[in-house]
Amino acid sequence: MRFRHLGRMAEIDAAAWDALFDSAYPFTQHAYLDALERSGCVSAERGWTPCHLLAEDEAGAVHAAAPLYLKAHSWGEFVFDFSWAEAAQRAGLAYYPKLLTAVPFTPAVGPRLGARDAGARQALLKALTTLPQQSRLSSWHGLFMPEAEAISIGAHAPLLRNDVQFQWRNAGYVDFSAFLAVLDGSKRKKILQERRKVAALGWQFETLPGDAFTEVEWSELYALYASTYEERGQPPYLTLAFFHDYAMRPGTPVRVTVAREGQRFMAMALLVQGGDTLYGRHWGAAGFHDGLHFETCYYQGIDYCIRNQLSRYDAGAQGEHKLARGFDPVMTHSLHHFAEPRFADAVARHLAQERRLVAARLTELQAHSAYRNRGAGT
């Protein structure tokens with residue numbers, strides 16, 4: 001096979017790309033990655049230069065592919081390596097730019113190495129891990145990879161990094177009350193208290209497909225979304241053009257939980273549905289109200305999953321507060337390869353210790369499950 005790079009997703013036929021990836025996972029589909037580029041969310045100016053990698057045979061048929069970006073910083077990744085960048089700087093090494101296989105701004109586990117078969121996948125991974133030396137770059141990173149991709153890495157083994165996320169599992173609940181019934185009494189009481197506070201606002205909540213909203217309404221929703229970033233003093237990751245494009249397409253996987261006071265949008269949560277999973281992505285609100293974040297981002301999503309018989313709710317990165325609200329801790333994986341051997345050895349020693357700490361943390365979190373009987377919610 002031969003390998004080549006794409007400067008943008010539009011350079012490859014959508015069907016050829018999508019045939020390599022799981023169609024139930026929306027974030028590595030051609031439509032999603034292409035929309036990020038065309039709407040200006042991803043660009044060299046924003047520190048995300050697309051250079052997607054393809055493996056082709058002599059006839060030009062695509063056998064494997066991976067989203068790939070030349071990164072000028074580490075923002076929008078959710079696997080934090082700022083300490084590595086600082087260590088490299090102290091050692092006189094240039095950490096940026098680096099190579100990244102990930103979905104921009106999306107800490108959701110899913111396929112990163114699209115391939116026709118295991119052999120093509122291994123060849124693709126080998127190519128990715130040799131790119132830093134060939135291109136005189138510091139490193140390659142593959143983020144939020146499924147366990148099968150991260151562990152079955154054969155002889156081309158990059159460094160493994162683990163972390164913990166929190167996800168909700170549907171045990172066949174008939175309604176939200178049935179879910180609450182299997183929780184520990186104190187946890188159930190806390191959720192009911194939070195929901196009553198929000199209910200007292202008198203707002204109407206509903207979760208609708210992205211194409212149910214007009215351009216004007218999306219502009220209003222975008223203002224709520226952008227306000228979350230303004231509070232942190234940073235520009236939003238996604239542009240209004242992305243919402244007007246991808247979120248408004250007929251049949252879009254985007255779902256939006258909205259809270260209305262009369263006709264006015266007061267809060268929103270951006271969701272994406274793929275297969276039997278709901279992915280929580282971003283949120284925003286017009287002011288602070290006690291319990292509003294939990295209602296908009298967690299409880300409405302859980303209720304949506306129950307009503308639509310979805311099996312899993314991945315509500316995003318981090319957040320130990322999710323544990324008390326019925327989300328279970330799960331392990332996530334990423335791979336890292338460094339061109340400089342001595343720096344790689346130093347990171348390897350750090351990761352060996354970190355993996356032990358993460359495993360211990362996972363065990364501790366599992367012992368504090370919100371469910372009356374451990375495993376009841378899995």
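This report walks through the main sheet of the structure, two of its helix packings, a loop residue and the cysteines. Please keep in mind that the model is predicted.

**The sheet**

A good place to begin is the open sheet, which is built from 11 strands with mixed pairing. Reading across it, the order is β2-β5-β6-β8-β15-β9-β14-β13-β12-β11-β10. On average, and ignoring direction, neighbouring strands are turned by 30° against each other. As general background, strands in a sheet pair through backbone hydrogen bonds, in either a parallel or an antiparallel way.

Which strands stand at the edges of the sheet? They are β2 (48-50) and β10 (204-209). Each has a single partner strand, so one side of each is left without a neighbour in the sheet.

At the β2 edge, the partner is β5 (residues 69-71), and the two strands run antiparallel, joined by three bridges. Here you can find Pro50 opposite Tyr69 of β5.

At the other edge, β10 pairs with β11 in the antiparallel sense. Strand β11 then also pairs antiparallel with β12. The table sets out these three pairings with their bridges.

| Strand pair | Sense | Bridges |
|---|---|---|
| β2 and β5 | antiparallel | three bridges |
| β10 and β11 | antiparallel | six bridges |
| β11 and β12 | antiparallel | eight bridges |

Two residue pairs help to locate β11 in the model. Thr257 of β11 has Thr207 opposite it, while Ala259 faces Ala267 in β12. Strand β11 is mostly covered, with seven of its eight residues buried. The hairpin that β11 forms with β12 has two residues between the strands, and Gly262 in this hairpin takes a positive phi near 70°.

**Helices to look for**

Now turn to helix α8 (residues 215-231). This helix lies across three strands, β11 (254-261), β12 (264-274) and β13 (277-285), and runs at about 80° to β13.

A second packing brings together two helices, α3 (residues 82-90) and α11 (residues 341-366). Their axes are 12 Å apart and the packing angle is about 145°. The crossing of α3 and α11 is right-handed. From α3, the contact is made by Trp84, Ala87 and Ala88, and from α11 by Phe343, Val347, His350 and Leu351. Six of these contact residues are nonpolar, one is polar and none is charged.

**A loop residue**

Where is Asp290 found? This residue sits in the loop between β13 and α10 (292-307). Asp290 counts as partly exposed because its relative accessibility is 43%. Apart from neighbours within four places in sequence, Asp290 is in contact with Lys197 and Val198. The C-alpha atoms of Asp290 and Arg195 are separated by 9.6 Å, although the two residues are 95 residues apart along the chain.

**The cysteines**

How many disulfides does the structure hold? The number is zero. Cys41 is in no disulfide, and the nearest cysteine sulfur, belonging to Cys51, is 18 Å away. A disulfide needs two cysteine sulfur atoms within 2.5 Å. Cys41 counts as buried because its relative accessibility is 0%.

Cys305 is likewise in no disulfide, and its nearest cysteine sulfur is that of Cys297, 13 Å away. Is Cys305 buried or exposed? With 0% relative accessibility, Cys305 counts as buried.

Methods
Residues are numbered from 1 along each chain as its sequence is written. This is a predicted model: local features need pLDDT of at least 70, side-chain atom pairs count only at pLDDT 80 or more; totals for chains, interfaces and linings use all residues. Side-chain values use heavy atoms; hydrogens and water are left out. Axes are lines fitted to C-alpha atoms, for helices over the stretch in contact, and angles run from 0 to 180 degrees between N-to-C directions. Helices (H or I, at least four residues) and strands (E, at least two) are DSSP runs, numbered from the N terminus. A crossing is left-handed if the near helix is turned anticlockwise from the far one by less than a right angle, and right-handed if clockwise. Contact means heavy atoms within 4.5 Å. Ala, Val, Leu, Ile, Met, Phe, Trp, Tyr, Cys and Pro count as nonpolar, Asp, Glu, Lys and Arg as charged, and the others, Gly among them, as polar. Buried means under 20% relative accessible area, exposed over 50%, partly exposed in between (1.4 Å probe, protein chains only). Two strands pair if DSSP finds at least two bridges between them.
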